[in-house]
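Biologist: Could you take me on a close look at one helix pair and what lies around it? I am new to this, so please go step by step.

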Amino acid sequence: MYRVVLGIFLLLGILPSLAAAEPRLALVIGISDYNSLGQNDKAELGVADARLMAKTLEQLGFKVQMALDTDQRGMKKALSKFGQTLVEAGPDATGLFYFSGIGVAASGEQFLIPASALVEDVQDLDLETVSARTIARQMDFAGCQTKIMILETDRNNPFPHGAGQSYAGNIPLDSAGFFVAYATGDGSPRLRAPGANNLFTQALSEAMLETNVDIAGMTRSARNLVYAATQSSQVPTDMSTLVAPYFFSAAQDY
């Protein structure tokens with residue numbers, strides 16, 4: 001009888017959705033309102049990116065918490081709520097954080113800039129932004145099995161102070177189970193996207209829906225598309241301490 005039911009599931013294509021048995025939780029943040037910084041070019045796609053990513057994640061069985069054009073206080077409140085939700089979900093959960101908006105890499109950290117931030121130079125970053133390192137710590141404290149961060153943001157320093165210094169904005173991964181995907185390489189800005197979404201988010205959202213492709217293969221596929229589209233000018237990167245392959249959409253026997 002079991003084999004008959006299994007065969008029916010295979011024919012109907014149900015097994016990929018059943019594979020996501022662990023709790024899947026995501027916090028998706030998109031910022032487009034950067035009038036306080038006097039710039040609204042590529043970052044204006046932040047809200048559109050967040051909506052696309054939220055829709056994709058919901059298709060993959062994630063319970064999505066979304067924050068759009070939120071200021072620093074709102075962003076920190078969303079992070080606090082997300083951390084508590086991860087704790088309640090238990091150790092088998094997958095937690096995913098996504099951000100699309102302006103970022104700055106300086107003093108060895110990656111900073112994410114919320115709406116209404118008043119940032120005129122490097123010294124303002126600690127006061128007006130949120131460090132990606134802080135977000136990683138929140139996810140680590142929650143104790144969930146798999147921790148994924150996707151950062152659709154710039155990784156350079158556009159300010160006069162520290163402009164010639166090493167960026168080294170990589171998030172330190174101090175425990176197993178992390179995977180961090182960056183839209184571009186350390187020290188590099190993103191390029192202006194020609195469409196409705198930023199290039200990396202568009203490519204990644206499509207790759208995430210491919211069945212039986214693990215997260216490393218998924219990001220490699222997105223990287224290749226962005227690399228080709230920008231004529232090698234933008235190269236998405238990733239870092240991992242995963243101890244096993246992770247599939248967003250996979251048959252049960254993987």
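Modeller: Happily! In this predicted model, helix 4 (residues 72-89) packs with helix 6 (residues 132-142), their axes 8 Å apart and at an angle of about 25 degrees. Angles under 35 degrees count as roughly parallel, so helix 4 and helix 6 are roughly parallel to each other. The crossing in which helix 4 passes helix 6 is right-handed.

Now look at the residues that meet. Helix 4 brings Leu-79, Phe-82, Gly-83, Leu-86 and Val-87, and helix 6 answers with Ile-135, Gln-138, Met-139 and Ala-142. Sorted by class, the residues of this contact are 7 nonpolar and 2 polar, with no charged ones.

Next, follow helix 6 to the strands. Helix 6 lies across strand 3, strand 7 and strand 8, and runs at about 160 degrees to strand 7. Strand 7 (residues 146-152) and strand 8 (residues 178-182) run parallel and are joined by 5 bridges. One pair to find on your screen is Lys-147 with its bridge partner in strand 8, Phe-178.

Finally, step back to the sheet these strands belong to. It is an open sheet of 6 strands with mixed pairing, in the order 2-1-3-7-8-9. At its edges are strand 2 (63-68) and strand 9 (237-240), each of which pairs on one side only. From one strand to the next, the twist averages 10 degrees. Helix 3 also lies across part of this set, namely strand 1 (24-30), strand 2, strand 3 (94-100) and strand 7, and runs at about 175 degrees to strand 2.

Terms used:
Residues are numbered from 1 along each chain as its sequence is written. This is a predicted model: local features need pLDDT of at least 70, side-chain atom pairs count only at pLDDT 80 or more; totals for chains, interfaces and linings use all residues. Side-chain values use heavy atoms; hydrogens and water are left out. Axes are lines fitted to C-alpha atoms, for helices over the stretch in contact, and angles run from 0 to 180 degrees between N-to-C directions. Helices (H or I, at least four residues) and strands (E, at least two) are DSSP runs, numbered from the N terminus. Angles under 35 degrees count as roughly parallel, over 145 as roughly antiparallel, 65 to 115 as roughly perpendicular and the rest as oblique. A crossing is left-handed if the near helix is turned anticlockwise from the far one by less than a right angle, and right-handed if clockwise. Contact means heavy atoms within 4.5 Å. Ala, Val, Leu, Ile, Met, Phe, Trp, Tyr, Cys and Pro count as nonpolar, Asp, Glu, Lys and Arg as charged, and the others, Gly among them, as polar. Two strands pair if DSSP finds at least two bridges between them.
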